[in-house]
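Subject: Structure handover

Hello,

Please find the structure below, for your files. My notes on what was found in it follow.

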Amino acid sequence: MKISSKQAMLLMSLCAFMWSIGGLFIKILPWHPMVISGFRSLIAAVVIVIYMRFKGYRFVFSPCVLLAGLGLSGTMLFFVIASKLTTSANAIILQSTNPVHIMIMSAVFFMCAIKRAN
């Protein structure tokens, strides 16, 4: 399915707007971060299931899928907790610098050499 450049920009603007509203609701709602994360996950699961049914995709369960799901759910949970306890800017900076943290922890704990990409 091809979309025009104008439609693509409209969809990206809608995405940015919805993303901002999500952060706003994290700050405004007086709920515990676990409850907010649960509802966000529920909404995401419903959207993904509807999309997969619409496209005819099958869900294949494997250890890699489980590990990726645990990693993504942990990342989202910690982002919501960080957004709730500090400013959104701090939470976004922590999330954006995540690859650097992974490189440092890999070097310290697994003795992996950090190589520069060409």
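Trp31 comes first: its relative accessible area is 39%, so this residue counts as partly exposed. Its ring pairs with that of Phe39 in a tilted arrangement, with 5.6 Å between the centres and 40 degrees between the planes. Phe39 is partly exposed too, at a relative accessibility of 44%. Please keep in mind throughout that this is a predicted model.

The Trp31 pair is one of three aromatic pairs in the structure. Another is formed by Tyr51 and Tyr57, also tilted, at 6.1 Å centre to centre and 55 degrees between the planes. Tyr51 has 44% relative accessibility, which puts it in the partly exposed class.

Trp31 also appears among the contacts of Ile36. Leaving aside residues up to four places away in sequence, Ile36 touches Ile26, Leu29, Trp31, Val80 and Lys84. Ile36, Ile26 and Val80 belong to the largest nonpolar core, which has seven residues; the others are Met76, Phe79, Ala82 and Ala91. The main contributor to this core is helix H3 (residues 63-85), with four residues.

Ser37 sits in helix H2 (residues 33-55). Its relative accessible area is 5%; the cut-off for buried is under 20%, so Ser37 is buried. With residues up to four places away in sequence again left out, Ser37 touches Met76, Leu77 and Val80. Of these, Met76 and Val80 are members of the core described above.

On the chain as a whole: there are five helices and zero strands, which gives the order α-α-α-α-α from the N terminus on. The radius of gyration is 18 Å, while the globule rule gives 13 Å for 118 residues; the chain is therefore more spread out than a compact globule. The C-alpha trace spans about 45 × 35 × 35 Å along its principal axes.

Buried residues make up 10% of the 118 in the chain. The exposed area is about 10200 Å², and 76% of it comes from carbon and sulfur atoms. For contacts between residues at least 6 apart in sequence, 56% join residues at least 24 apart.

One item comes from a record. The unreviewed UniProt entry places the feature "domain: EamA" at residues 8-110. In the model, that span is 85% helix and 0% strand, and its end C-alpha atoms lie 42 Å apart.

Regards

Key
Residues are numbered from 1 along each chain as its sequence is written. This is a predicted model: local features need pLDDT of at least 70, side-chain atom pairs count only at pLDDT 80 or more; totals for chains, interfaces and linings use all residues. Side-chain values use heavy atoms; hydrogens and water are left out. A nonpolar core is a set of buried Ala, Val, Leu, Ile, Met, Phe, Trp, Tyr and Cys residues joined through side-chain atoms within 4.5 Å. Buried means under 20% relative accessible area, exposed over 50%, partly exposed in between (1.4 Å probe, protein chains only). Helices (H or I, at least four residues) and strands (E, at least two) are DSSP runs, numbered from the N terminus. Contact means heavy atoms within 4.5 Å. UniProt positions are given in the numbering used here, feature names are shortened, and annotations may be inferred rather than shown by experiment. Rings of Phe, Tyr and Trp (its six-membered ring) pair if their centres lie within 6.5 Å; planes under 30 degrees apart count as stacked, over 60 as edge-to-face and the rest as tilted. The radius of gyration is taken over C-alpha atoms; the globule rule is 2.2 Å times the number of residues to the power 0.38. Accessible areas come from the Shrake-Rupley method with a 1.4 Å probe; for residues, only the protein chains shown count as cover.
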